[in-house]
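Biologist: I'm new to this one, so could you walk me through it slowly? Please put it up on the screen first.

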Amino acid sequence: MGWWKESIGIIKELDPAARSTAEVLLTYPGLKALAAHRLSHWLWERDFKLLARMHSQFWRFWTNIEIHPGAHIEAGVFIDHGAGLVVGETAIVEKGVMLYHGVTLGGTGKDVGKRHPTIRQGALISAHSQVIGPIEVGPGAKVGAAAVVVSDVPADVTVVGVPAKVVRVHGKKDEITIHEIEESREYYVQKLEEAREASRHSSGL
Ligand SMILES: CC(C)(COP(=O)(O)OP(=O)(O)OC[C@H]1O[C@@H](n2cnc3c(N)ncnc32)[C@H](O)[C@@H]1OP(=O)(O)O)[C@@H](O)C(=O)NCCC(=O)NCCS
């Protein structure tokens with residue numbers, strides 16, 4: 001399936017307000033930003049870095065959506081509204097993901113190399129949530145509005161709050177599984193912090 005067909009298709013599938021292809025093409029800033037990103041990314045990959053950044057900034061002006069040209073975004077992603085959305089350089093966003101306005105897929109400022117999140121297939125990232133660091137949001141996971149996500153989110157769970165905690169697993173309030181998942185998430189956050197600390201020491205910072 002072509003990029004346009006997939007990108008328009010997902011909007012019509014997920015947004016009851018989308019009545020026709022013409023309406024989607026003319027009135028959805030997320031679609032424009034994603035189409036522009038394809039060219040920015042093409043330029044970026046061919047080492048026209050400055051041109052790529054200028055192109056992406058031009059479209060930021062028109063759409064209020066800032067996607068770094070280095071970000072990898074698959075076809076069939078839906079950005080709804082989109083105002084204030086920021087996607088960082090090393091972010092990866094897979095097919096079927098839905099991103100709302102005010103979302104940040106950002107870095108912590110503490111990591112090097114892969115610094116931004118990976119959002120797996122079909123995940124929902126609700127309005128104004130901040131997903132920060134080289135973490136992964138699993139397939140089909142839901143991040144609640146205004147959550148701050150600083151550690152991996154397993155597949156098909158719902159996380160809410162600051163910092164975001166698991167509140168549903170496969171749509172159910174299964175307290176025992178939720179507790180187990182939270183324990184392992186805390187363990188990995190601690191390990192990540194230790195690794196960051198060790199790397200700061202070894203680089204003499
Ligand atoms: C999180 C969300 C996706 C719902 O996911 P869900 O798996 O259906 O979860 P539920 O609605 O069953 O809520 C689970 C729990 O989280 C709480 N919750 C839901 N959203 C929350 C949020 N954003 N912040 C804090 N708590 C939240 C619910 O009250 C419920 O609490 P309980 O366990 O005490 O009953 C949804 O509530 C949400 O945040 N949607 C925002 C979508 C959006 O951005 N819309 C913008 C349109 S313009």
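Biologist: Which residue in β5 does histidine 72 stand opposite?

Modeller: In this predicted model, histidine 72 faces isoleucine 92 of β5. The strands concerned are β2 and β5 (residues 92-93), which pair in the parallel sense over two bridges.

Biologist: And which sheet has those strands, in what order?

Modeller: They belong to an open sheet of four strands with parallel pairing, and the order across that sheet is β2-β5-β8-β11. The edges are formed by β2 (72-73) and β11 (136-137), each of which pairs on one side only.

Biologist: What holds paired strands together in general?

Modeller: Strands of a sheet pair through backbone hydrogen bonds, and the pairing can be either parallel or antiparallel.

Biologist: OK, then what is the strand order in the sheet with mixed pairing?

Modeller: That one is an open sheet of six strands, ordered β3-β6-β9-β12-β14-β15. Its edge strands are β3 and β15, and because each has a single partner strand, one side of each is left without a neighbour in the sheet.

Biologist: Take me through the middle of that order. How do β9 and β12 pair, parallel or antiparallel?

Modeller: Strand β9 (residues 124-125) pairs with β12 in the parallel sense, over two bridges, and leucine 124 stands opposite lysine 142 in β12. Going on from there, strand β12 (residues 142-143) runs parallel to β14 and is joined to β14 by two bridges. Lysine 142 turns up again in this second pairing, where its bridge partner in β14 is threonine 158.

Biologist: What about β14 and β15, parallel or antiparallel?

Modeller: Those two run antiparallel and are joined by four bridges, with valine 157 having valine 169 in β15 as its bridge partner. They form a hairpin with four residues between the strands, and in that hairpin glycine 161 takes a positive phi near 95°.

Biologist: Which two residues are joined by a cis peptide bond?

Modeller: Valine 162 and proline 163 are joined that way, with omega at about -15°. Proline 163 sits in the loop between β14 and β15, so to speak of the hairpin is to speak of this loop as well.

Biologist: Switching to the ligand now. Which residues come nearest to it?

Modeller: There are 16 residues around the ligand, and those that come nearest are Ser126, Ala127, Gly144, Thr158 and Val160. The elements giving two or more residues to this shell are β14 (157-160) and β15 (165-169), the two strands of the hairpin we just discussed.

Biologist: How many of the shell residues are nonpolar, polar and charged?

Modeller: The shell divides into seven nonpolar residues, six polar ones and three charged ones.

Biologist: Back to the backbone. Where does histidine 81 sit?

Modeller: Histidine 81 is in the loop between β3 (78-79) and β4 (85-87), and it has a positive phi of about 65° although it is not a glycine. It has 17 C-beta neighbours inside 10 Å and therefore counts as partly exposed. Aspartate 156 also has a positive phi, near 55°, in a residue other than glycine, and its place is the loop between β13 (148-149) and β14.

Biologist: What is histidine 101 in contact with, leaving aside its neighbours within four places in sequence?

Modeller: Its contacts are His81, Gly82, Ala83, Gly84, Leu85 and Ala127, so the list includes the histidine 81 we were just looking at, if contact means C-beta atoms within 7 Å. Histidine 101 itself lies in the loop between β6 (98-99) and β7 (104-106). Its C-alpha is 6.2 Å from that of histidine 128, although the two are 27 residues apart in sequence.

Biologist: Now the helices. What is the span of α5?

Modeller: Helix α5 (residues 175-202) has 28 residues and reaches 41 Å from its first C-alpha to its last, close to the 40 Å expected at 1.5 Å a residue. Of those 28 residues the number buried is one, so the helix lies largely in the open.

Biologist: Last thing, how many helices and strands does the chain have?

Modeller: The chain has five helices and 15 strands. Its radius of gyration is 18 Å, which agrees with the value near 17 Å for a compact globule of 205 residues, and buried residues make up 38% of those 205.

Definitions and conventions. Residues numbered from 1 in each chain as written. Predicted model: local features only at pLDDT ≥ 70, side-chain atom pairs only at ≥ 80, totals over all residues. Near = placed C-beta within 6 Å. Nonpolar A, V, L, I, M, F, W, Y, C, P; charged D, E, K, R; others polar. Pairing = 2+ DSSP bridges. Rg over C-alpha atoms; globule rule 2.2 N^0.38 Å. Buried ≥ 20, exposed ≤ 12 C-beta atoms within 10 Å, placed from the backbone. Expected span 1.5 Å × (residues − 1). Contact = placed C-beta atoms within 7 Å.
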